Amino acid sequence: MPLDLLVPDLLLPSDAPSTLRAARLASLEKWLARSDLRSAPGRDSTQWLAAAYGLAQPPPVAAIALAGEGSAREGAWMRADPVHLRIDHDYLKLHGAASLEVTRPEAEALVAALQSHFQGDGLEFRVCSPDRWYVRVPPGDLPTTTPLAQALGRDVYGLLPANRDVAGGRINWRSAMTEAQMILAAHEVNVARDAAGKPAVNSVWFWGEGAFAAKLARPYALVHADEVFARGLAIASGAEVRPLVKTLAEVDLVRKDDAVLAVIASLSPALHRGDEDAWRASAEALDAGWFAALGDAIDRFGRVRLILPAGKDTRVATLTAAARWRWFRTRKPLAEHA
């Protein structure tokens, strides 16, 4: 029964801080050297998961994530995540919610203001967590968007939502973005955040558009995950869903021919808020609690794959019993696999 371990934000892009790219993880590097290593399309975990479940591009991330939140998802949805736009030299740079530390009361107050303004356009905003907001959109009004992961840290010009050439659409999404920014900038929540020296929640980022995919391929019988898109995919495919466990030894077995997936997303929040110490501590904990036990996992599952999204694609390292005998292979620093 094969096991897949999906670990986003472990292989860092070339523009990541050099102190993080210099990190060494002895156990992981040993097993990467002994693995059968290949590259697969998809630069982030969302893209890889969508492909694994047979979803067309772009995948309906918002509607599927709502299923993972345990929330109703009928209709067409987008994520409307809180972000901070900041002028950086001669462009407008996007910073995600991980660096904002939005509280639940702040999120609910800001979304209530957006709902009041856009209600006449048929939009329905929803807060599932302080950093995950959603909006239901009338049929025919879904725009074409850029995933948040591809927009972080970049100039947002050229990445903004664009209207599709669909008859009956009535929302101008460029104008809607501007209106949302004006509402948020003047809100008392941001006035208070500014007075406290905190970055303003001065925009939302629309992305992940589409309707819920009622029937999906079922590549896994059991999914261990806390990340809501992975949980939603498991629910839509009819798999069993459980929270992520603390160590590799706690991952459950299933029937002989069934596969198991564990999505380990503990590195992402620290990386996205720029907390290098927290990222390094999380990476070292993974090496001790997960990667050091890969030899035992090969015995239990027969085949283990490490799925590591990187800067340009995704590295897939396959480990079988043969990996135990490849002790002569030279280990490379983690950054050289990115």
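## A walk through the chain, starting at helix 2

Let's begin with a list: Ser 27, Leu 28, Glu 29, Trp 31, Leu 32, Ala 33 and Arg 34 are the residues of helix 2 that are buried. Keep in mind that we're looking at a predicted model. Helix 2 runs over residues 26-34, and since seven of its nine residues are buried, it is largely enclosed by the rest of the structure. What does the enclosing? The buried residues of helix 2 pack against strand 2 (36-40), helix 11 (276-289), helix 12 (294-301), strand 11 (304-309) and strand 12 (314-319).

Now step back and take in the whole thing. The protein chain is made up of 12 helices and 12 strands. Its C-alpha atoms fill a box of roughly 65 × 45 × 35 Å, if you take the box along the principal axes. For 338 residues, a compact globule would have a radius of gyration near 20 Å, and the chain's 21 Å agrees with that. Of those 338 residues, 51% count as buried. As for the outside, the accessible surface comes to about 15,200 Å², and carbon and sulfur atoms hold 51% of that surface. How does the chain touch itself? Among contacts with a separation of 6 or more, 71% are between residues 24 or more positions apart.

Helix 4 is another good stop on the tour. This one spans residues 61-69, and eight of its nine residues are buried, so helix 4 is also largely enclosed by the rest of the structure. The buried residues are Val 61, Ala 62, Ala 63, Ile 64, Ala 65, Leu 66, Ala 67 and Gly 68. They have plenty to lean on: helix 3 (45-52), strand 3 (76-88), strand 5 (124-129), strand 6 (132-137), strand 7 (203-211) and helix 9 (228-237).

Have a look at what sits on either side of helix 4 in the chain. Coming in from helix 3, you pass through a loop that holds Pro 58. The peptide bond between Gln 57 and Pro 58 is cis, with an omega of about -5°. Going out, helix 4 is followed by Gly 70, which has a positive phi near 80°.

Positive phi values turn up in residues other than glycine too. Asp 9 is not a glycine, yet its phi is about 65°. You'll find Asp 9 in the loop between strand 1 (3-6) and helix 1 (18-21). Is Asp 9 buried or exposed? Its relative accessibility is 19%, and the cut-off for buried is under 20%, so Asp 9 counts as buried. Compare Glu 101, whose phi is also positive, near 55°. Glu 101 sits in the loop between strand 4 (91-95) and helix 5 (104-118). With a relative accessible area of 61%, Glu 101 is exposed.

Back in the loop between strand 1 and helix 1, there's also Pro 8. Pro 8 is buried, with a relative accessible area of 7%. Which residues does it touch, leaving aside those up to four places away in sequence? Pro 8 is in contact with Ser 45, Ile 264, Ala 265, Leu 267, Ser 268 and Pro 309. If you'd like a sense of scale, try Pro 8 and Asp 258: they are 250 residues apart along the chain, and their C-alpha atoms are separated by 23 Å.

For another such pair, go to Met 182, which lies in helix 7 (residues 173-185). Met 182 has 57% relative accessibility, so it counts as exposed. Met 182 and Val 83 are 99 residues apart along the chain, and 14 Å separates their C-alpha atoms.

One last stop: the empty space inside. Rolling a probe the size of a water molecule over the atoms shows where such space is left. How many cavities of 30 Å³ or more does a search of the whole structure find? It finds one. The largest cavity has a volume of about 50 Å³. Around it you'll see Leu 10, Leu 11, Leu 12, Leu 20, Arg 21, Ala 23, Trp 279, Leu 334, Ala 335 and Ala 338. That lining divides into nine nonpolar residues, no polar ones and one charged.

Methods:
Residues numbered from 1 in each chain as written. Predicted model: local features only at pLDDT ≥ 70, side-chain atom pairs only at ≥ 80, totals over all residues. Heavy atoms only, no water. 1 Å grid on protein atoms, 1.4 Å probe; cavity = no way out; pocket = protein on both sides within 12 Å on 5 of 7 lines; lining within 4 Å. Points joined across faces, edges and corners; volume = space filled by probe spheres on them. Nonpolar A, V, L, I, M, F, W, Y, C, P; charged D, E, K, R; others polar. Helix = DSSP H or I, 4+ residues; strand = E, 2+ residues; numbered from the N terminus. Rg over C-alpha atoms; globule rule 2.2 N^0.38 Å. Buried < 20%, exposed > 50% of the residue type's maximum accessible area, 1.4 Å probe, protein only. Contact = heavy atoms within 4.5 Å. Areas by Shrake-Rupley, 256 points an atom, 1.4 Å probe, with all protein chains shown as cover.
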